[in-house]
Amino acid sequence: MNYDVVVVGAGPAGAIAAKYAALNGAKTLLIEEHASIGSPVQCTGLISTKALRECDIGEGNFVLSKIRGAFVYAPGGEEACIRGKDIKAYVIDRKIFDRALVELAVDNGVDILMKTRFIGMYDGKISVISNGENKEISGEIIIGADGIQSSVGRAAGLPRCEKFLSGIQFEAPYIPKDPEYVDIFIGNEIAPGFFGWAVPFSGMARIGLARNPGLPARYYLEKLLNHPIVASRYKGSRTEHVVGGIPLGPPRKTVSKNVMLTGDAAGQVKPTSGGGIYMGAICAKIAGEVAARASRKECTLSEYEKKWRSAIGRELEIGMRIHKSIGKLSDENLNEFITFLNKPEIRELITEHGDMDHPSVLLQKLMKTGNKWQLIKFMGVAFKTLF
Ligand SMILES: Cc1cc2nc3c(=O)[nH]c(=O)nc-3n(C[C@H](O)[C@H](O)[C@H](O)COP(=O)(O)OP(=O)(O)OC[C@H]3O[C@@H](n4cnc5c(N)ncnc54)[C@H](O)[C@@H]3O)c2cc1C
């Protein structure tokens, strides 16, 4: 088995990278360790309309519901409504979505091997266990799109991401205040370092939280379920349990010799929301295109590193600063922050410029208003230097 490009991992980033490698003339193989695509699911499945476009896919049968905004609940109970002018996001079925992306890759000429696990590499060859047998595959370029644990990244000696959040979630019947709005819960009692959520679809919701690593999942999940808002909307029973990590802060380096990393493997995840599909799609396209050209010796892999950092590096850096600043706020400060968001002029700006994929756009606008110093109080003085 000789290929120009071998992509490890058939999640969204792998499927898109493989498709772009094939579209750019490379003989491409996509390998996936599981027997079926998109399983097990480790995702809430909330993606922006922009992310769907970035994945080159229209609204398919994977769309379960449409989302216009969010109700954010402060620890003290105050509610801020983040309202979009129109539909901002979709709740999707990740299994169907991931399969649709892989089908697009295969339609564009990518070969695929399921039940094939990458276990190591040497001299331009990768070792896999395919359907229980040890095999070798030759690939000029290897793309590690193998998620948060990235065996490819480890085998290539690439550094790890800055931080890993722990996520937990399940699905349950839920009666939301408005089915076009997600509920977000902030506070150190519920989700230290991040937030809890209830994302509604078809009379159900994906209810969960992400938190700083090392904190007990069950304890915080019970706290979330006992939150008065959740308790009044959650109608009991739990299915589709998810436990998974979210990588934040990309490693210093994402390429080495003939290896490149993309998606979660490269920490290409929004630090403000934990969403990885949008950023992963942007970078996977670049990875596939550069890999194809590099396999013909038309460029080096460092071009990928430069291009993806210039596309989303600043947004990730600003996102990471926001993540760290908000993570340090006491519950009292978080209450003040929600009161700040409820000011009429701030709400107007959010409706006009709020973008779940690019929070820096809204922040830049906010920094130009008379509220600049209040914002700096929440985000820290160092934040001023970013704008
Ligand atoms: C609780 C939770 C909620 C989330 N909610 C959202 C959300 O609402 N919106 C959003 O955008 N993002 C969300 N995310 C993040 C999102 O799930 C990831 O960013 C996204 O799946 C990353 O895509 P990927 O293709 O890089 O990796 P993955 O989707 O993880 O795919 C990696 C693939 O590689 C395969 N693989 C791994 N190792 C090997 C190996 N050695 N050999 C072969 N194959 C291998 C895996 O089986 C898998 O199929 C959430 C994450 C968590 C944990």
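**Notes on the predicted model: ligand site, two sheets and some odd backbone**

1. Let me start with a proline: P40 sits in the loop that links β2 (28-31) to β3. The bond leading into P40 from S39 is a cis peptide, and its omega is near -5 degrees. As background, most peptide bonds are trans, and most residues other than glycine have a negative phi. Keep in mind while looking at this loop that we have a predicted model here.

2. The other backbone oddity is E240, a residue of strand β16. Its phi is positive, at about 50 degrees, even though E240 is not a glycine. I'd have a look at both spots in the viewer.

3. On to the ligand. Which residues come closest to the ligand? Of the 32 residues that surround it, the closest are A13, E32, H34, L46 and D264. Sorted by class, the shell is made up of 15 polar, 11 nonpolar and 6 charged residues.

4. Backbone atoms also make polar contacts with the ligand. A polar backbone atom of Q42 is 3.1 Å from one of the ligand's oxygen atoms. At G276, a polar backbone atom is 3.1 Å from a ligand nitrogen. For I277, a backbone N or O atom lies 3.2 Å from an oxygen atom of the ligand. How much of the ligand does the protein cover? On its own the ligand has 1000 Å² of accessible area, and the protein covers 88% of that.

5. As for which elements build the shell, two or more residues each come from α1 (12-23), β3 (46-48), β9 (116-122) and β16 (239-248). Why does the ligand count as lying between the domains? Because its shell takes residues both from domain 1 (2-43 + 94-161 + 251-319) and from domain 2 (67-87 + 163-247).

6. Now the sheets. In general, strands of a sheet pair through backbone hydrogen bonds, either parallel or antiparallel. One open sheet here has 7 strands, with mixed pairing, and runs β6-β5-β13-β14-β15-β12-β16. At its edges are β6 (79-83) and β16; each has a single partner strand, so one side of each has no neighbour in the sheet. From one strand to the next, the twist averages 20 degrees. So β16 turns up three times in this note: it gives residues to the ligand shell, it is an edge strand, because it has a single partner, and it holds E240.

7. At the β6 end of that sheet, β6 pairs with β5 (residues 69-73) in the antiparallel sense, with 5 bridges. If you want a register check, G69 has R83 in β6 as its bridge partner.

8. There is also an open sheet of 3 strands, ordered β3-β7-β4, in which the pairing is antiparallel. Its edge strands, β3 and β4 (63-67), each pair on one side only. Here the twist averages 30 degrees from one strand to the next. Strand β7 (residues 89-92) is joined to β4 by 4 bridges, and the two run antiparallel. For the register of this pair, look at S65, which stands opposite V91 in β7.

Conventions. Residues are numbered from 1 along each chain as its sequence is written. This is a predicted model: local features need pLDDT of at least 70, side-chain atom pairs count only at pLDDT 80 or more; totals for chains, interfaces and linings use all residues. Side-chain values use heavy atoms; hydrogens and water are left out. A residue is near a molecule or strand if one of its heavy atoms lies within 4 Å of it. A polar contact is a pair of N or O atoms within 3.5 Å; within protein, one must be able to donate a hydrogen and the other to accept it, and residues adjacent in sequence count only if both atoms are side-chain atoms. Accessible areas come from the Shrake-Rupley method with a 1.4 Å probe; for residues, only the protein chains shown count as cover. Ala, Val, Leu, Ile, Met, Phe, Trp, Tyr, Cys and Pro count as nonpolar, Asp, Glu, Lys and Arg as charged, and the others, Gly among them, as polar. Domain bounds come from an automatic or database domain assignment. Two strands pair if DSSP finds at least two bridges between them. Axes are lines fitted to C-alpha atoms, for helices over the stretch in contact, and angles run from 0 to 180 degrees between N-to-C directions.
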